[in-house]
Amino acid sequence: MSNEGVKKQGTSTQQLKQVLGFKDLMSTAVGQIIGAGIMTLMGAAIAITGRGVPFAFLISAILVIGYSIPYVIICSAVRVRGGNYTMVAMLAGKKLAGAYTILYIFSNVSIAMYALSFADYFATLFGLQHVKIIALICLTFFYVLNIMGIDKMAKFQNLIVLMMCVALGLFAAMGISKIQPGYFDGQVLRNGVAGLLQAGGLLTFATGGGSVVANLSAESKNPTRDIPLAIIASTLLVAVLYGVISFVAAGVLPVDEVAGENLAKVAAVVLSKPLYIFFMVCGAMFALISTLNAQLGWCSKPIMQACDDGWLPKKLAYLHPKYKTPVIILSIFFGIGVICITSGLSVRILGNLCLVSGQLAASAICFFMYRLPEVAPKGWANSKFKVSKPVLIILVIFATAASLFNVFLNASQLSKNLLIGNVFVFIGAILYSNIRYKHTTVEPSFEEIE
């Protein structure tokens with residue numbers, strides 16, 4: 001990496017340990033993608049499109065890869081120390097980066113939701129009470145783990161993701177032989193092509209998420225090689241795994257019996273009792289804690305850079321002297337999680353307050369990707385994903401369309417009040433950016449490859 005584009009020395013994101021290799025990034029991406037969505041959305045997709053659900057997963061993978069293209073291309077050219085924040089700042093402008101900071105913070109307050117969902121599964125499976133206590137223990141464990149260093153987080157992530165993939169793979173392998181004959185004879189595309197497309201759009205919630213590893217660029221050993229590969233490989237790997245699982249989910253029992261149901265119903269049929277427990281623990285529960293662990297690992301990096309640039313108090317980006325982890329930012333998210341768990345405050349509502357507006361702001365990364373050759377000419381010249389200008393424009397159009405479709409899909413899931421809330425949060429973020437702008441010293445936070 002050259003130092004071009006790095007004018008500010010000693011910022012928090014420059015002090016992070018560059019310890020993450022491809023395996024660590026891959027497990028983080030896979031852990032982020034495989035969340036509770038696969039357990040619940042599979043049944044919902046079957047209800048919409050019947051046994052056409054494998055094709056719906058293919059559509060979802062195409063959409064996800066579509067709006068992930070900018071992250072692949074940008075990260076192949078530069079190390080973005082502030083992750084998504086840096087992308088917005090370098091391509092879409094400093095004021096939009098300020099607004100994005102506020103929207104980004106709101107979008108990550110839902111961390112407690114994973115701890116609560118894990119606690120619900122755990123308590124139900126083992127017949128325990130005190131769900132809130134279990135959730136607090138879970139949240140505290142991963143908070144401490146992430147405080148102790150990104151390398152510790154990555155090692156634990158590698159383990160739980162491996163076990164999770166074994167559990168899901170076991171479900172697929174054991175279930176294939178129990179698929180009833182004549183899979184495609186009926187209940188395929190039960191609501192036509194429109195239903196197939198609707199299910200494909202819904203399943204982007206289950207197949208998306210791999211691009212979050214862009215936020216770990218500052219801690220990656222070789223970000224311009226490993227991050228693009230991790231985004232592509234994790235998305236394709238999970239899409240293939242989900243595709244096989246979907247055949248089992250829709251083919252073992254009659255469609256009407258599994259429509260709207262989670263995977264546990266089919267798992268109880270294809271797996272013995274011990275293997276069923278293993279699946280529920282290492283499949284369902286590990287899916288939740290792998291997402292929790294991954295999000296605690298990457299969510300702080302854009303905020304750190306925003307602090308360095310003056311959008312937020314610089315002291316918030318303080319790093320632990322030994323572990324080089326953002327203890328204050330992580331502690332704030334931990335505190336919000338504790339409040340949500342103990343008080344019953346709806347983290348889903350908090351997260352949804354900027355779900356649409358935040359993704360709309362993120363769409364700016366897709367649209368302004370065309371500026372990359374101008375902003376980072378040396379990095380673009382050396383990128384393995386360098387394309388001609390006409391091809392770049394085509395990719396920009398495709399990625400932006402896929403991203404805006406995802407925005408539309410999310411908007412259609414929200415109530416009128418939450419949509420209005422998104423508008424107010426977006427306006428508030430814009431106002432904050434314009435007021436705070438004169439107090440900032442936003443400078444490039446990216447490094448071009450040589």
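In this predicted model, Lys324 is partly exposed, with a relative accessibility of 24%. The residue is placed in the loop between H15 and H16, and its phi is positive, near 55°, although Lys324 is a residue other than glycine. A positive phi, of about 60°, is also found at His130, which is not a glycine either. His130 sits in the loop between H6 and H7, and at a relative accessible area of 57% this residue counts as exposed.

The helices H7 and H16, named above as neighbours of these two loops, also pack against each other. Two packed helices are described by the angle between their axes and by the distance between those axes. For helix H7 (residues 131-147) and helix H16 (residues 327-343), the angle is about 175° and the axes are 10 Å apart. Because an angle over 145 degrees counts as roughly antiparallel, H7 and H16 are therefore described as roughly antiparallel to each other. On the side of H7 the contact is made by Lys132, Ala135, Leu136, Leu139, Thr140, Tyr143, Asn146 and Ile147, while H16 contributes Val327, Leu330, Ser331, Phe334, Gly337, Val338, Ile341 and Thr342. Sorted by class, the residues in the contact of H7 with H16 comprise ten nonpolar, five polar and one charged.

Helix H4 (residues 84-92) has eight of its nine residues buried, so this helix is largely enclosed by the rest of the structure. The buried residues of H4 are Asn84, Tyr85, Thr86, Met87, Val88, Ala89, Met90 and Leu91. After H4 comes Gly93, whose phi is positive, near 115°. On the other side of the helix, the loop between strand S1 (78-80) and H4 holds Gly82, a residue that counts as buried, at 0% relative accessibility. When residues up to four places away in sequence are not counted, Gly82 touches Asn215, Lys301, Pro302, Gln305 and Ser445. With one of these partners, Ser445, the C-alpha to C-alpha distance is 6.7 Å, although Gly82 and Ser445 are 363 residues apart in sequence.

Lys301, which is among the residues touched by Gly82, also takes part in a salt bridge. Side chains of opposite charge can pair when their charged atoms come close. The side chains of Glu219 and Lys301 meet in such a bridge, at 3.2 Å from N to O. Glu219 lies in the loop between helix H10 (204-207) and helix H11 (223-251), whereas Lys301 belongs to helix H15 (residues 300-309), so the pair ties together parts that are 82 residues apart in sequence. Both Glu219 and Lys301 are buried.

The count of salt bridges comes to seven, and two further pairs may be described in detail. In the pair formed by Lys152 and Asp151, the closest N and O atoms are 3.7 Å apart. Lys152 is partly exposed, with a relative accessible area of 33%, and Asp151 is likewise partly exposed, at 26% relative accessibility. Arg371 forms a salt bridge with Glu374, and here the closest N and O atoms are 3.3 Å apart. Arg371 is partly exposed, with a relative accessible area of 22%, whereas Glu374 counts as exposed, at 57% relative accessibility. In addition, Arg79, Arg81 and Glu447 are joined into one network by salt bridges that share partners.

Aromatic side chains also pair with one another, and the structure holds 17 aromatic pairs. In one of these, the rings of Phe122 and Phe126 have their centres 5.0 Å apart and their planes at 50°, so the pair is tilted. Phe122 and Phe126 both lie in helix H6 (residues 111-126), where they are four residues apart, about one turn of the helix. Phe122 is partly exposed, at 26% relative accessibility, and Phe126 is partly exposed as well, at 42%. For Phe367 and Phe368 the ring centres are 5.0 Å apart and the planes stand at 90°, so this pair is edge-to-face. The relative accessibility of Phe367 is 43%, which counts as partly exposed, and Phe368, at 23%, is partly exposed too. Finally, Phe55, Tyr183, Phe184 and Phe247 form one aromatic cluster.

Methods: Residues are numbered from 1 along each chain as its sequence is written. This is a predicted model: local features need pLDDT of at least 70, side-chain atom pairs count only at pLDDT 80 or more; totals for chains, interfaces and linings use all residues. Side-chain values use heavy atoms; hydrogens and water are left out. Axes are lines fitted to C-alpha atoms, for helices over the stretch in contact, and angles run from 0 to 180 degrees between N-to-C directions. Angles under 35 degrees count as roughly parallel, over 145 as roughly antiparallel, 65 to 115 as roughly perpendicular and the rest as oblique. Contact means heavy atoms within 4.5 Å. Ala, Val, Leu, Ile, Met, Phe, Trp, Tyr, Cys and Pro count as nonpolar, Asp, Glu, Lys and Arg as charged, and the others, Gly among them, as polar. A salt bridge is a side-chain nitrogen of Lys or Arg within 4 Å of a carboxyl oxygen of Asp or Glu. Buried means under 20% relative accessible area, exposed over 50%, partly exposed in between (1.4 Å probe, protein chains only). Rings of Phe, Tyr and Trp (its six-membered ring) pair if their centres lie within 6.5 Å; planes under 30 degrees apart count as stacked, over 60 as edge-to-face and the rest as tilted.
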